[in-house]
Amino acid sequence: MKPRVCPIEVKSPRQYGTKSLDRFKEKFGKRVGSQYVLHPKQLKVEGERVYLPLYMGFCL
């Protein structure tokens, strides 16, 4: 069992994309575990990417 990197990206309340997180996944795909995005909306999970509301950032 090898340790995995879990990248975190923080987004603004306006429309956003996760381009840098996608590029990071392409470059280091074998070493990346769960991906976390802190944003102002509700909690949702899409595959290995978890979108957390800003107030849940302390849970990481």
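**Strand pairing and burial around β2**

Visitor: Which residue in β4 is the bridge partner of Gln 35?

Guide: The bridge partner of Gln 35 in β4 is Arg 49. Please note that the structure shown is a predicted model.

Visitor: How do you know that β2 and strand β4 pair, and in which sense do they run?

Guide: Pairing requires at least two bridges between the strands. Strand β4 (residues 49–53) is joined to β2 by five bridges, and five satisfies that requirement, so the two strands count as paired. They run parallel.

Visitor: What makes strand β1 and β2 a pair?

Guide: Three bridges link strand β1 (residues 8–10) to β2 in the parallel sense. Since at least two are needed, the pairing criterion is met here as well. Within this pairing, Tyr 36 of β2 is the bridge partner of Ile 8. As a general point, strands of a sheet pair through backbone hydrogen bonds, either parallel or antiparallel.

Visitor: Why is β2 described as largely enclosed by the rest of the structure?

Guide: A residue is buried when its relative accessible area is under 20%. Four of the five residues of strand β2 (residues 35–39) are buried, and the strand is therefore largely enclosed by the rest of the structure. For the protein chain, 27% of the 60 residues count as buried.

Visitor: Why is the unit formed by β1, helix α1 and β2 called right-handed?

Guide: The test is to view the strands pointing away and to follow the path from the first strand over the helix to the second; a clockwise path is right-handed. The β-α-β unit made by β1, helix α1 (residues 19–27) and β2 is right-handed, so its path runs clockwise in that view.

Visitor: What is the order of the strands in the open sheet?

Guide: The four strands follow the order β1-β2-β4-β3, and the pairing is mixed. β1 and β3 (44–46) stand at the edges with a single partner strand each, so one side of each has no neighbour in the sheet. Neighbouring strands are turned against each other by 20 degrees on average, direction ignored.

Visitor: What makes α1 a helix that packs on the sheet, and which strands are involved?

Guide: Contact means heavy atoms within 4.5 Å. Helix α1 touches β1, β2 and β4, so it is in contact with these strands by that cut-off. The direction of α1 makes about 170 degrees with that of β2; as angles run from 0 to 180 degrees between N-to-C directions, the two point in nearly opposite directions.

Conventions. Residues are numbered from 1 along each chain as its sequence is written. This is a predicted model: local features need pLDDT of at least 70, side-chain atom pairs count only at pLDDT 80 or more; totals for chains, interfaces and linings use all residues. Side-chain values use heavy atoms; hydrogens and water are left out. Buried means under 20% relative accessible area, exposed over 50%, partly exposed in between (1.4 Å probe, protein chains only).
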